[in-house]
Amino acid sequence: MFAALFNSSTVDAKAPNLHPVSGFEPKATASELFGDLQPRDLEWTCSGGFVTETQTFYHFLEDDTSLMCQVIHSSIGMWYPTIQFTCKIYNPNTKETTWRSINVNNFVTPPPGLDKRSCKADQFSITCRSTTDPAYPETYVIRANLSDDFQLSLDISRSVSVPGFKVGPGPKGGFSYFGSDVNKPEGYVVHRFWPQTAASGHIIRKGQASTVKGIGMFVHAIQGMRPNLVASRWNFGNFQSSAHGGVSAIQMEFTTLDTHGRHGGGSGGVTVNVGSLVLGGKLAVVTAETKWPDEVPEESAPVISRVTHIEPVHDADTGYRMPRAFDFRWAGPSILTVPQGTISASLYVDVGDLAHPKGLIEKVDVLAEIPYVIKTMVNYVAGTKPYIYQWQNKAKLVVRGPDNIIPGLSDGLEIDGILYTEASFIS
């Protein structure tokens, strides 16, 4: 991380100090975009320095209730890592929210007899294991006791036709690097996905047991640098539908600070986006795109992975500009053996205005939620407070592609589902 301070060689001040996973030149082929996950890709690294590592499971249940479970491993220099388990359940019909966030004790990875995809602590265990079911070969088993009146037991399974992915093959697939030297980076960001999963199990709240059954996704993510230096903002979209044998559309996007870009410091504000489409119960497309601040993205680019904030307005509650709508777009080559061809999709969702929001779950004050020791070590700019806007809305995904995937796809299909959206503002 500090290698540049002791390096006698001169680094060109205008040399790139951001190396995005989506590339300086667009990745155009399925083999460049799709990286098949290996077991080591999902292992906990628990790195030192300033590193935040998460396992996050997002699911929609049969009554449209959303369920999120997350483990956060935060390393902060010489301090002992802080590990949290968080869970949020939101019922859009009753507007009831159940939220737990606890600092756990005696975190271990790997647990005895398991590999580092699994972990445990006094309050929970997450076990990744192979199954004997050929249709769902891998499962995460989650058991958590978050308080006297809140326990959960979940099995999260991946279909054999929806492999996990990262952008790009090989051990460096999925990584965006910060700094002039990718072999000795200042920091990095990496995401690995299961883009559609099945959840089953039960939750006990206030002595009442409820059955869990639904669909969703899983992501293992690492920010290998202080979060306030990685990005000024993030966007995340997770669309899921059980129609046509299973459909999902996801995107994860970050925008760098002015400090990191194609021409060194002062050339930042670069947007890096990765995504995917599951169609007909199969992973069909992986997308990745870089938006440089001095270029206008092509409307008909062969690979598109982008989201636009529509009509943002100043929100006095947070100090940031809240969008009134989101416009998501995907396009890319099919990664399926048959059929070949290009697949595209779009999704527009209206989230209302400040006075009349639509689907707004919460505006999360990040500094109010993270542990005090992390708060004091991360030097946020004076006068700014990171916020995360969270929405859940019914939405329509408009998709075009070969009919072999879903009959009628060549004419365009509107697919009904549920969209969870986050817009995070860091500075």
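How does the lining of the second largest cavity divide by class: how many nonpolar, polar and charged residues are there? I'll start with that one. The lining has nine nonpolar, four polar and two charged residues. And before I go on, please keep in mind that this is a predicted model.

Okay, so let's stay with that second largest cavity for a moment. Its space comes to about 100 Å³. Fifteen is the number to remember for the wall: 15 residues line this cavity, and Val21, Gly174, His191, Phe254 and Val274 are the ones nearest the centre. As for where the wall comes from, the elements giving two or more residues to it are β11 (165–167), β13 (187–205), β16 (247–255) and β17 (271–279).

Now, the bigger picture on enclosed space. Searching the whole structure turns up two cavities of 30 Å³ or more. The largest cavity holds about 120 Å³. Around it sit 13 lining residues, and nearest to the centre you'll find Tyr58, Ser66, Leu67, Met68 and Tyr420. Three strands each give two or more residues to that lining: β3 (49–61), β4 (66–77) and β5 (82–91). By class, the lining of the largest cavity splits into eight nonpolar, four polar and one charged.

Pockets next. The largest pocket has a volume of about 1100 Å³. It's lined by 44 residues, with Gln70, Ile72, Gln223, Val366 and Ile388 closest to its centre. If you're thinking about the chemistry of that wall, the count is 24 nonpolar, 15 polar and five charged residues.

Let's move on to packing. Which residues have the most contacts inside the largest nonpolar core? Those are Phe193 and Trp234, in a core of 37 residues. Take Phe193 on your screen and look around. Leaving out residues up to four places away in sequence, Phe193 touches Leu37, Gly164, Phe165, Met217, Phe218, Val219, Ile250, Met252 and Val274. You've heard one of those names already: Val274 is also among the residues nearest the centre of the second largest cavity.

Then the aromatics. The count comes to 22 aromatic pairs. Here's one: Phe175 and Tyr188 have ring centres 5.5 Å apart and planes at 55 degrees, so that pair is tilted. Phe175 sits in strand β12 (residues 175–178) and Tyr188 in strand β13, 13 residues apart, so to speak a link between distant parts of the chain. Phe175 and Tyr188 are both buried.

Set against that, Phe326 and Phe328 have their ring centres 6.0 Å apart with planes at 20 degrees, and because planes under 30 degrees apart count as stacked, this pair is stacked. Both Phe326 and Phe328 are buried, too. These two also belong to one aromatic cluster, made up of Tyr320, Phe326, Phe328, Trp330, Tyr389, Trp391 and Phe425.

Last stop, something on the outside. Is Asp411 buried or exposed? Asp411 has a relative accessible area of 62%, and over 50% counts as exposed, so Asp411 is exposed. You'll find Asp411 in the loop between β25 (387–400) and β26 (413–425). For a sense of distance, Asp411 and Leu154 lie 39 Å apart in space, C-alpha to C-alpha, and 257 residues apart in sequence.

That's my tour; happy to pull any of it up on the screen.

How values were computed:
Residues numbered from 1 in each chain as written. Predicted model: local features only at pLDDT ≥ 70, side-chain atom pairs only at ≥ 80, totals over all residues. Heavy atoms only, no water. 1 Å grid on protein atoms, 1.4 Å probe; cavity = no way out; pocket = protein on both sides within 12 Å on 5 of 7 lines; lining within 4 Å. Points joined across faces, edges and corners; volume = space filled by probe spheres on them. Helix = DSSP H or I, 4+ residues; strand = E, 2+ residues; numbered from the N terminus. Nonpolar A, V, L, I, M, F, W, Y, C, P; charged D, E, K, R; others polar. Buried < 20%, exposed > 50% of the residue type's maximum accessible area, 1.4 Å probe, protein only. Core = buried A, V, L, I, M, F, W, Y, C linked by side-chain atoms within 4.5 Å. Contact = heavy atoms within 4.5 Å. Phe/Tyr/Trp six-rings, centres within 6.5 Å; stacked < 30°, edge-to-face > 60°.
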